[in-house]
Amino acid sequence: MDRTNRNTALASAFAEELARCGVRHAVLSPGSRSTPLALALWRQAEIETTVIVDERSAAFFALGVAQATGVPVAILCTSGTAAANYHPAVCEADHSAVPLLVLTADRPPELRGIGAGQAIDQLKLYGESVRWFCEVGTHDADDGGLLHFRATACRAFAAARGETRPGPVHLNFALREPLAPLAVESDVTATDPLALEGRGDHPLTAVTPIDMEPSQFLLDEVAKHIAEADIGVIVAGRQLDPELREPVAHLARVAGFPILAEPTSQLRCGPHDRSYVVTTYDLLLRDEEFRETASPDLVLRFGEMPTSKPLRSWLAESGADQIVIDPLGDWNEPTRRAAALLRADPTELASGWAARLGEDRPAPAMWLQAERSAREAIETELGSDALTEPGLQLALGASWGDGELVYTASSMPIRDQEAFLPSNEGDTTFLCNRGTNGIDGLISSGIGAAHATGKPTTIVTGDLGLLHDLGGLAALRDVSTPVRIVVIDNDGGGIFHFLPQEQTLDSDEFETLLGTPRGVDVAKAAALFDLPHRKLESLNELPEALATGTGLIEVKTDRKANAVLHEQLTQRVHAALADL
Ligand SMILES: Cc1ncc(C[n+]2csc(CCOP(=O)(O)OP(=O)(O)O)c2C)c(N)n1
Ligand SMILES: [Mg+2]
């Protein structure tokens with residue numbers, strides 16, 4: 001603990017507790033009011049700090065770190081609009097259950113609302129988006145003040161890590177002068193060793209995680225249900241635990257169920273048994289006849305609901321019993337038809353059910369045949385190395401090796417990844433910011449995840465996504481891991497060509513209001529941050545471009561032609577199904 005003055009003592013006790021709880025990263029933005037906490041975090045040896053000027057990017061960078069590591073990450077800014085710039089990432093962290101410790105410095109009460117400057121109402125600034133808000137208050141460095149700062153750190157860590165659902169926590173720190181570490185004699189009056197030092201290596205108050213062990217009853221009852229199902233499916237959406245792969249693959253085998261796996265479930269790709277993995281469900285479920293014949297009587301859902309619209313509507317229309325494995329305490333059930341939400345550990349559930357089922361049941365032949373035909377149809381249609389958005393997903397899938405990380409943007413990149421990315425044995429981690437589907441902050445999150453894990457990373461973004469978080473590229477200066485940013489440059493919002501607005505607005509209106517071509521020059525964007533740039537002429541140049549390391553890789557496509565190609569792919573898959 002730093003006894004220089006009241007503020008250094010309180011702030012360093014707080015940082016000490018965060019470190020003892022397990023915090024390893026903090027992202028700071030410059031400002032005067034936050035100096036005591038910034039210095040304390042910076043000087044806390046176990047906590048690595050990154051300094052990012054733009055608070056919006058800083059918060060998204062931290063979101064990427066926290067999502068990739070699963071450990072709460074602290075972000076700290078000064079008072080005023082700085083704190084408001086955290087809001088988009090706070091919303092995303094709330095919806096995607098990512099643990100963030102949001103620390104905002106504030107003016108003390110006597111300097112609020114009197115025109116003192118740089119003071120906005122920061123109390124409950126993020127509303128219901130946070131798991132816990134605390135106005136930490138003004139305190140002396142006496143026994144009570146120091147114990148309060150230490151206990152607040154422990155409580156904030158536990159709340160962010162999840163009780164049960166991880167997410168953001170907001171602590172607002174009112175700080176009086178001196179903000180600089182000026183020595184003030186006798187400012188630290190505490191005498192209790194617990195207030196002064198805490199418990200050495202251990203947090204002041206350790207909070208045990210909630211036990212998610214499933215009951216025998218849950219395991220027995222659902223296993224019976226699975227055994228009785230005629231046609232069942234496993235649907236796997238975004239979840240981050242690679243340990244779920246083997247148990248779900250085993251369950252699929254003994255149940256005879258296919259696994260409709262979104263890449264961000266970590267189940268589509270990986271070294272596990274992928275023989276029942278279906279990758280083309282988005283295209284298959286656009287076919288009326290297939291929807292009918294594949295209609296299940298039992299659905300087991302792991303992770304979040306996948307993005308695919310045809311899959312969502314198929315599940316919503318289905319009369320099947322749906323069992324949603326949702327350990328995080330959310331209401332992860334947009335179909336409003338689920339029979340049960342299970343608040344238990346997914347890995348334990350899958351392995352417990354598999355153990356009870358025993359022998360393998362017949363393979364889900366209908367799904368597996370359809371998958372083979374659909375993949376053949378896709379590969380035939382995209383046969384060349386021409387630069388297309390679906391083709392890029394095939395090329396990307398073939399390029400990644402074990403231990404790589406892929407962070408994919410909302411809009412068409414994540415949809416095309418779901419629709420077209422093949423299954424392969426690569427032990428790759430797939431991340432995204434799909435809690436609120438924003439196109440903001442993705443560059444920052446991808447760089448944060450790369451930095452925290454040290455894994456070679458590919459960020460896949462649209463051109464407007466890049467424009468939105470262009471400033472996020474500044475963070476690359478402190479990152480040594482290779483970060484390849486693949487920019488799908490269709491000069492505007494390609495996704496809007498798939499909406500009825502495209503047919504109903506005249507083309508000027510459509511382009512002005514939705515298409516929004518901005519002529520982003522990817523080469524100049526790279527030059528601004530002194531980054532290498534490479535423009536692909538053909539998809540066969542992709543592996544070499546990725547191997548070059550950090551830089552921007554430009555892939556030019558055409559929005560209108562892309563919508564036509566998607567329709568052709570759907571037709572091609574339907575024709576293949578008709579031939580089965
Ligand atoms: C912060 C935010 N603003 C606006 C939107 C609405 N929106 C969804 S997709 C999109 C266009 C994205 O364009 P681009 O990143 O180039 O991807 P493309 O659609 O071309 O694949 C917009 C503006 C959003 N999702 N998030
Ligand atoms: Mg675009």
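Student: Which strands does helix α17 (residues 442-453) lie across?
Tutor: Helix α17 lies across β13 (405-408), β14, β15 and β16, running at about 175° to β15. Angles run from 0 to 180 degrees between N-to-C directions, with axes fitted to C-alpha atoms, for helices over the stretch in contact (heavy atoms within 4.5 Å), so about 175° means that α17 and β15 run in nearly opposite directions. This is a predicted model: local features need pLDDT of at least 70, side-chain atom pairs 80 or more, while totals for chains, interfaces and linings use all residues. Residues are numbered from 1 along each chain, chains are lettered from A and ligands numbered from 1 as written, and side-chain values use heavy atoms, without hydrogens and water.

Student: How do you know that β16 (residues 483-489) and β18 (residues 551-556) pair?
Tutor: Six bridges join them, and pairing takes at least two DSSP bridges, so they qualify. Ile 485, for one, has Leu 552 in β18 as its bridge partner.

Student: What makes β14 (429-432) an edge strand?
Tutor: The open, parallel sheet has the order β14-β13-β15-β16-β18-β17, and β14, like β17 (533-535), pairs on one side only.

Student: Why is the approach of Asp 463 to ligand 1 called a polar contact?
Tutor: A side-chain N or O atom of Asp 463 is 2.8 Å from a ligand oxygen; a polar contact is a pair of N or O atoms within 3.5 Å, so this one counts. The backbone of Ile 495 also has an N or O atom 3.0 Å from a ligand oxygen.

Key:
Helices (H or I, at least four residues) and strands (E, at least two) are DSSP runs, numbered from the N terminus. A polar contact is a pair of N or O atoms within 3.5 Å; within protein, one must be able to donate a hydrogen and the other to accept it, and residues adjacent in sequence count only if both atoms are side-chain atoms.
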